[in-house]
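Dear colleague,

Please find below the structure that I agreed to pass on to you. My notes on it come after the structure itself.

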Amino acid sequence: DSARNEFSFKEIKDYLECYRSGKLTPSQIAKNILAMLEDCDKSTPPLRAIVQWDQEQIMLMAEASTTRYRNKCTLSCLDGIPVCLKEEFKVVPYYHRVGTVYLGTQPETEDATVAKKLREAGAVIIGVSNMHELGTGTTGCNPNRYHKIPRNPYNPNHFTGGSSSGSAAAVAAGLCPVAIGTDGGGSVRIPASFCGVVGLKGTFGRISCHGSLPLSYSTVSVGPICTSVADAAIVYSILAEPDLLYPYGLKQPKATLSDMCAPDLKGLKLGVDWTFFKACDAEVLSVCEKAVKHLQSLGASVVEVSLPEMEEARVAHVICILSEMRDFLQPDFNKHFHEMNLETRATLALASQFTALDYIKANRQRTRSMRFLQEIFSTVNCILTPAVPCTAPRIYESDLLTGSSDMSFTVRSMRFMQLGNFTGIPGIVVPIGYSTGGLPISLQVMAKWWDEAVLLRIGLKLEQFRDQTKEPSIYYDILA
């Protein structure tokens, strides 16, 4: 709890205080949000965080929540909390476009598992959020007519990151404290980092992917983007459990938040491969190194580790994710090629060059990388890296018309992300500071499979390192 008077993001607890004290009702909040959503669309440039929303739906959910608060029979700590979901998920009654102009021609009639769970928890779904077309990039640049380019709330002339671009922008702009994204190559963690909010990628299979477009079945995890680590823990605890409709997560151990609120980090060993860690911009490195020292000051010890075959793992991850996407999107590529963004066409054309042999070798590398990690996690509790090697890139005029295709940036932005997607380990990114230009910088913590609890414990302590939270230049105070 910060008693300081400076800016801080509104968290779930702030909404709950308003509701429980009777200062505001979920219905009043919903009306505020509707006014803000209209304002977002009219602003110059438009924020483009939420790309589909429905006034009637939002008010129905909010009014039901208001009644529950009045009768003191709320469903969970998410009752009345505004949330949005990436357009990759099916959400009734929206179009399941997945960032394209050709998918989702009819409104959805069935929710994805995560949407269903959020409804059951009483959350108010304020709409579906913008995304990079078919999740194929890390900028969030999507020039097509339904989506347009979402803007980074910290600087609208910069990208949000992708592919869960609108989810991160919506949270950073204050439209909702919780958004849900998917992460196959950093797609939750990159935009969360660029937009200065918290992003959690669960262990592969931990949160059900059922009802999202199955673009890559072996690399994608679901996770929340939130204003705080505590909020990420709340959402994680509600969404993380086996789902009979999603076989990959059926054998998972029970999700816990054990020791999350321990007063210090005594006894924890933080693994750092300094050669790998330092491959980032000087400004990013400087802040990240100080954050590691902060964790040490709380009793954790830093252990030097070596992450072997990282270049092989990087290439193998690209082969796996692109081969799987290309396989799934083969009919789309043949039938809707001319309706796709130029960058998507180029990426899928590149993917068609991989052979079955490449894919088999890549999966052999996966087995090796997982074995290396098993050994490393027998000596340390987590691995620390910067989240992204740089801050959010600038948007150019041409990007608005034809999109952006910068393969070197894509490769670089995924540098610290791919290991988690390739091997299925969980990771969290926490904002720890800002560049001289005022853009957010984050640190990443990765842990062994199913050990999200240790990520949340370290994440809570990382939040204390940031001496101030800067207010984004686009920010809506829904509770005002």
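The notes below cover the sheet, one helix and several backbone features.

Please bear in mind that this is a predicted model.

The sheet is open and consists of 11 strands in the order 1-3-2-4-6-5-10-11-9-7-8, with mixed pairing. Its edges are strand 1 (50-52) and strand 8 (301-304), each of which pairs on one side only. From one strand to the next, the twist averages 35°. Helix 9 (residues 282-297) packs on this sheet, where it touches strands 7, 8, 9, 10 and 11, and its direction makes about 50° with that of strand 11. Within the sheet, strand 5 (residues 198-201) and strand 10 (residues 427-434) are antiparallel and share 3 bridges; Lys 201 has Gly 427 of strand 10 as its bridge partner.

Helix 17 (residues 452-463) spans 16 Å from its first C-alpha to its last, close to the expected 16 Å. Because 11 of its 12 residues are buried, helix 17 is largely enclosed by the rest of the structure. Glu 452, Arg 457 and Lys 461 are among the buried residues.

Most peptide bonds are trans, and most residues other than glycine have a negative phi. The following deserve a look in that light.

- Val 92 and Pro 93 are joined by a cis peptide bond with omega of about 5°; Pro 93 lies in the loop between strand 2 and helix 4.
- The bond from Gly 162 to Ser 163 is also cis, with omega near 10°.
- Lys 148 has a positive phi of about 60° and is partly exposed, at 37% relative accessibility.
- Glu 309 has a positive phi of about 55° and sits in the loop between strand 8 and helix 10.

With kind regards

How values were computed
Residues are numbered from 1 along each chain as its sequence is written. This is a predicted model: local features need pLDDT of at least 70, side-chain atom pairs count only at pLDDT 80 or more; totals for chains, interfaces and linings use all residues. Side-chain values use heavy atoms; hydrogens and water are left out. Helices (H or I, at least four residues) and strands (E, at least two) are DSSP runs, numbered from the N terminus. The expected span of a helix is 1.5 Å times one less than its number of residues. Buried means under 20% relative accessible area, exposed over 50%, partly exposed in between (1.4 Å probe, protein chains only). Two strands pair if DSSP finds at least two bridges between them. Axes are lines fitted to C-alpha atoms, for helices over the stretch in contact, and angles run from 0 to 180 degrees between N-to-C directions. Contact means heavy atoms within 4.5 Å.
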